[in-house]
Amino acid sequence: MATEVAGALGLLWGWLWSERFWLPQNVSWADLEGPGDGYGYPRARHTLSVFPLAAGVFSVRLLFERFIAKPCALHIGIQDSGSYQAPHNAILEKVFVSITKYPDERRLEGLSKQLDWDVRKIQSWFRHRRNQDKPPTLTKFCESMWRFTFYLCIFCYGIRFLWSSPWFWDTRQCWHSYPYQPLTSGLYYYYIMELAFYWSLMFSQFTDIKRKDFLIMFVHHLATIGLITFSYTNNMVRVGTLIMCLHDVSDFLLEAAKLANYAKYQRLCDVLFVIFSAVFIVTRLGIYPFWILNTTLFESWEMIGPYPSWWLFNGLLLVLQILHVIWSYLIVRIAFKALIRGKVTCPRRIRPRLCTLHSFLTSFLFSMPGGSWTVSSLACIQG
């Protein structure tokens, strides 16, 4: 029995690490065992080092939020206190928990007669009760400040590293002598740190603010980890660094806009969101397809030819481009609907468009953790 299980596990392991899937023709894992230069060649076992590093990143985050982010939040006036607590009422609590958090007019009138309360008082109770379930602004500010700091630092490191890398200026260098492209210390640290950060987000998601899009973000982090690990295992790390840096440039701008929103710097929030939208659209709809996909699809085909993991890698990148199109459309739709509503609902105000745009941005930013589109964002757009 033990022999059969061991044989089955051996077949499964061989299938998972089949050279014909992962590597081009006439290349074996043994060929990549040599030291090469610097840190040798990327191997899957290297990614095991990210787990203690991810724990370290999470520990640094806790210290950062407590000793840096929180004092900054208090300094700019964000209060370290919870929202107003709605007075306990068994009937209203039962309706809130079991039936609806947003009672319609008919139900409000029925509750008014039952409790002998004014309708506005009941509406106020439900509003305060809903606010009780919302995380305090101070906590959200600290989380966003940590992500902003990391995204900005890793983006600056990525630009500094890539500036001296030949494949940044000539993407054909991503495939020159592939897969015999040894690691350098800078490339290794860049890749492992990005991977460790997303693993830390995976861990911290269970202790962070519970959002409506918990499952979606869990899948998002899992997919990101999978794509980074996949590209590292088959040594597509050069083009991988380009992809990571390209995505980081808009992530820290989004977190900066969220920080301004939490701090109630409305004009700064609007400006940062406009910059974020422009950068997002330019990088995801312009640079990504014409620079990244061009080299992964056409230049790599010409220089190394397709093989099974090549098809999977490019398939994932094409799916990512489809998501870029969807996210860009929704961002533009937010701005367009804000302008239209501003024009219709408050034509006599001095700055109706900016006011309405800010209200849309507030809903958008509060519902976007980590720069990815969420269920709550879609709900905001639809209604």
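## A greasy patch on helix α13

Patches here are built from residues with over 30% relative accessible area and no salt bridge, joining like charges within 9 Å and nonpolar side chains (Val, Leu, Ile, Met, Phe, Trp, Tyr) within 5 Å. A salt bridge takes a side-chain nitrogen of Lys or Arg within 4 Å of a carboxyl oxygen of Asp or Glu, and accessible areas come from the Shrake-Rupley method with a 1.4 Å probe, with only the protein chains shown counting as cover for residues.

In this predicted model, V319, I322, L323 and I326 make a nonpolar surface patch of about 330 Å². V319 sits in helix α13, residues 308-345 (helices are DSSP runs of H or I, at least four residues, numbered from the N terminus). V319 has 47% relative accessibility, so it counts as partly exposed (buried is under 20%, exposed over 50%, partly exposed in between).

## Cysteines

How many disulfides turn up in the whole structure? Zero, taking a disulfide as two cysteine sulfur atoms within 2.5 Å. For C153, the closest cysteine sulfur is in C156, 6.7 Å away, so that is too far for a bond. C153 is partly exposed at 48%, while C269 is buried at 0%.

## How far to trust it

Mean pLDDT (the predictor's confidence in each residue, 0 to 100) is 81, with 80% of residues at 70 or more. Helix α8 (166-169) has the highest mean among the elements, 96, and helix α15 (375-382) the lowest, 32. Residues 343-383 fall below 50, yet this stretch has 87 contacts beyond near neighbours in sequence (heavy atoms within 4.5 Å). Where pLDDT is low, the predicted coordinates shouldn't be read in detail.

## Ground rules

Residues are numbered from 1 along each chain as its sequence is written, and side-chain values use heavy atoms, leaving out hydrogens and water. Local features need pLDDT of at least 70 and side-chain atom pairs count only at 80 or more, whereas totals for chains, interfaces and linings use all residues.

Conventions
Buried < 20%, exposed > 50% of the residue type's maximum accessible area, 1.4 Å probe, protein only. Helix = DSSP H or I, 4+ residues; strand = E, 2+ residues; numbered from the N terminus.
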